[in-house]
Structures are given as C-alpha cells and as structure tokens.
Amino acid sequence: MSNTSRTIAVVGTGVIGASWAAYYLSRGFTVVAADPAEGAEDRLRTWVQQFWPALETLGLEDGASKENLRFTASIADAVRDAEFVQENGPERLEIKRAMLAEIESTLAPGALIATSSSGLLISDVQKGMTHPERMVLGHPFNPPHLIPLVEVLGGRQTSAESVDKALAFYAEIGKKPIRINKEMAGHVANRLQVALWREAFHLVQTGVASVTDIDTAISYGPGLRWALLGPFLNLHASGGDGGITHVLEHIGPAQREWARTLGEYPETDDYIPVMAEGVAEELAGHDWDETLRQRDEVLLQLLAAKRAKPQLP
C-alpha cells in the first residue's frame, strides 16, 4: 500500500536533510520540506534529482515519486499535517530550540520529532519544549538515502513509547535502527569513528604510516569484514570453535598492551595540514566526483549482496 497519504516533514535541507527527503520520497511518502535559506528549494530539488537513480536501484515503494515533494520557507507550514518530523538544523542548541518552538506551534500533539543531531544530548535539546516526551534522536549515517543505520534514543523527558515508536518507524521504512540506552556526546557510531581517527592521526603524526597506507589498511583490511559483520562478530569468527571467549583469552593480554600505547586525539590544530596534505597526495590523479560516484555504485552492490544473505545480521 502506498504511503502517499502520509506526510513527513523535513526541516533543514542541507546535505543531510536533502538526503533524508529523497529517502522518504523513495518510501512513498509525501514530503514537505522547509528551509528559510536563500536558494534552498533549488538546491534541494537538484540533490533529490541526483540521489534518485541510486534510490531506484535500491527499489522504490508503491507511489514513490519526486513529484511528492513540496517546499516552503515556513517551518510551521511544513509540519502542520506531518505525522513525523525529521529535523536537520545546525549543531547549535539555541538554533535547534528556536526551530523546535516553531515546529511545535502547529504540529499535532501525537506526532514524533526526531533530530539528526550528530552529537548533542537530547535532554539539552528538549528543554523548554511543550511536548518534550515526543522528542527523540534519529541520527543517520551520511548519506542517509544510502546508509541504513539510524541511532535512536530519548532524553530525560522523552517517553518510552516515543522511543519505541521511532524504532518501529525507522525499521518499517527499511532502516537499521539501534537503541542507545544512555545519553553520551557523539552517541555510538561517531564515538567509534573518533576512536579510530584518534589512532590514525597518531600513526601519521609519529611517522608510523602515511595517510594513504592507513586508508588502505582499513579499506582493504578490517573495513571489508566490518562491512559484513560488526567488531564483536568478527572477533567471534576469529576464535574458531571457541568463539569470542577463546580469541579474547588468547590475544586479550597483547591487545591490552597495545591499548596502553594508543595515541591521544591532537590537542591543537597543528595536525590538520599534515592530514590534508596526505589526503591530497592520496587523491592525486583521481577525479573526486567520480570516486564518490564509484563508491556509491559499489555501496549499492554491497547493500544488495547483504540483503540477499539473510544469515548476515
């Protein structure tokens, strides 16, 4: 059955918001997008047009159409008939709170509001709301129209029902939502990324390996396995018949020693030019736009392959 009678509001239409809008359109919803920035509508429609071929490859729901997109500069107008709001404003509390006040001015009391915030605490975001119980985190991984992960959690004033509804909604539309049980700056996936980046920066700064070789080490090593199974299941696979218990008993002491020598995240910005120079060297001779196009092409193939293998969690 088509979702076109159901309206999703997308508030804020930068790269993340535009990607969300395209994805919701592909799931057959009517999308009303709002962004007061000059030229926002033209940019949004251009991005949706660019994202659509990949979404066609993933498979469109009945009734899905780019024509189901409406745009307004008014947040209040955009959310008036919405059952779900995906907010994508800047990572600044004062801006988010002002946007939420405008959202709540016309939004039906039972509708959910999910923020795409990559690091803010929901308890801080929801302060001053009329209905804070319906405010949840709905943090995607970029680009949302391709990457299935969505991190979901509530703040101190969020109801358990709202968290459950958000998890069910994202699962219904084909996402892979995870429940975060405790608020923490950066949530889960970004914290895991920062842990890896911290050591990557350290290895480059101390001359252990180049930017190019570290990228290769991940993209042609553990990254290939991580695309199929997460870190715990990969550990479990490494343990043979004894599973994760055996492998941690076997290599855990050595890993503990390695962990003691891990680097710290750089305290000053001196590292930035070094990393930027390394990236420039790695990309020499490459067309970056074509690189990203080919990345998305292979990503679509990988997603299709994973869907075809139901024993991969």
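**Exercise 1.** Which residues does Y170 touch, not counting residues up to four places away in sequence?

*Solution.* The model is predicted: local features need pLDDT of at least 70, side-chain atom pairs count only at pLDDT 80 or more, and totals for chains, interfaces and linings use all residues. Residues are numbered from 1 along each chain as its sequence is written, and side-chain values use heavy atoms, with hydrogens and water left out.

Step 1. Apply the contact criterion, heavy atoms within 4.5 Å.

Step 2. With that sequence exclusion, Y170 touches W20, Y24, F84, Q86, A114, G138, V150, V152, K175 and P177.

**Exercise 2.** Find the largest nonpolar core and the elements that give two or more residues to it.

*Solution.* Step 1. A nonpolar core is a set of buried Ala, Val, Leu, Ile, Met, Phe, Trp, Tyr and Cys residues joined through side-chain atoms within 4.5 Å; buried means under 20% relative accessible area (1.4 Å probe, protein chains only).

Step 2. The largest such core has 30 residues, and Y24, F84, F169 and Y170 have the most contacts inside it.

Step 3. Helices (H or I, at least four residues) and strands (E, at least two) are DSSP runs, numbered from the N terminus. Those giving two or more residues to this core are β1 (7–11), α1 (15–26), β2 (30–34), α2 (40–58), β5 (112–115), β7 (149–154) and α6 (160–172). The largest share, 7 residues, comes from α1.

Step 4. A second, separate core has 23 residues, including I75, L100, A111 and I113.

**Exercise 3.** Give the strand order of the sheet and identify its edges.

*Solution.* Step 1. Two strands pair if DSSP finds at least two bridges between them.

Step 2. The open sheet has 8 strands in the order β3-β2-β1-β4-β5-β6-β7-β8, with mixed pairing.

Step 3. β3 (69–72) and β8 (176–179) each have a single partner strand, so they stand at the edges with one side lacking a neighbour in the sheet.

Step 4. β6 and β7 run antiparallel, joined by 5 bridges, and H139 stands opposite E151 in β7. β7 and β8 run parallel with 4 bridges; here E151 stands opposite I178 in β8.

**Exercise 4.** How do helices α7 and α12 pack, and through which residues?

*Solution.* Step 1. Axes are lines fitted to C-alpha atoms, for helices over the stretch in contact, and angles run from 0 to 180 degrees between N-to-C directions.

Step 2. α7 (residues 189–205) and α12 (residues 271–283) pack at about 85°, their axes 11 Å apart. This makes the two helices roughly perpendicular (65 to 115 degrees).

Step 3. F201, V204 and Q205 of α7 meet Y271, V274 and M275 of α12.

Notes. Buried means under 20% relative accessible area, exposed over 50%, partly exposed in between (1.4 Å probe, protein chains only). Angles under 35 degrees count as roughly parallel, over 145 as roughly antiparallel, 65 to 115 as roughly perpendicular and the rest as oblique.
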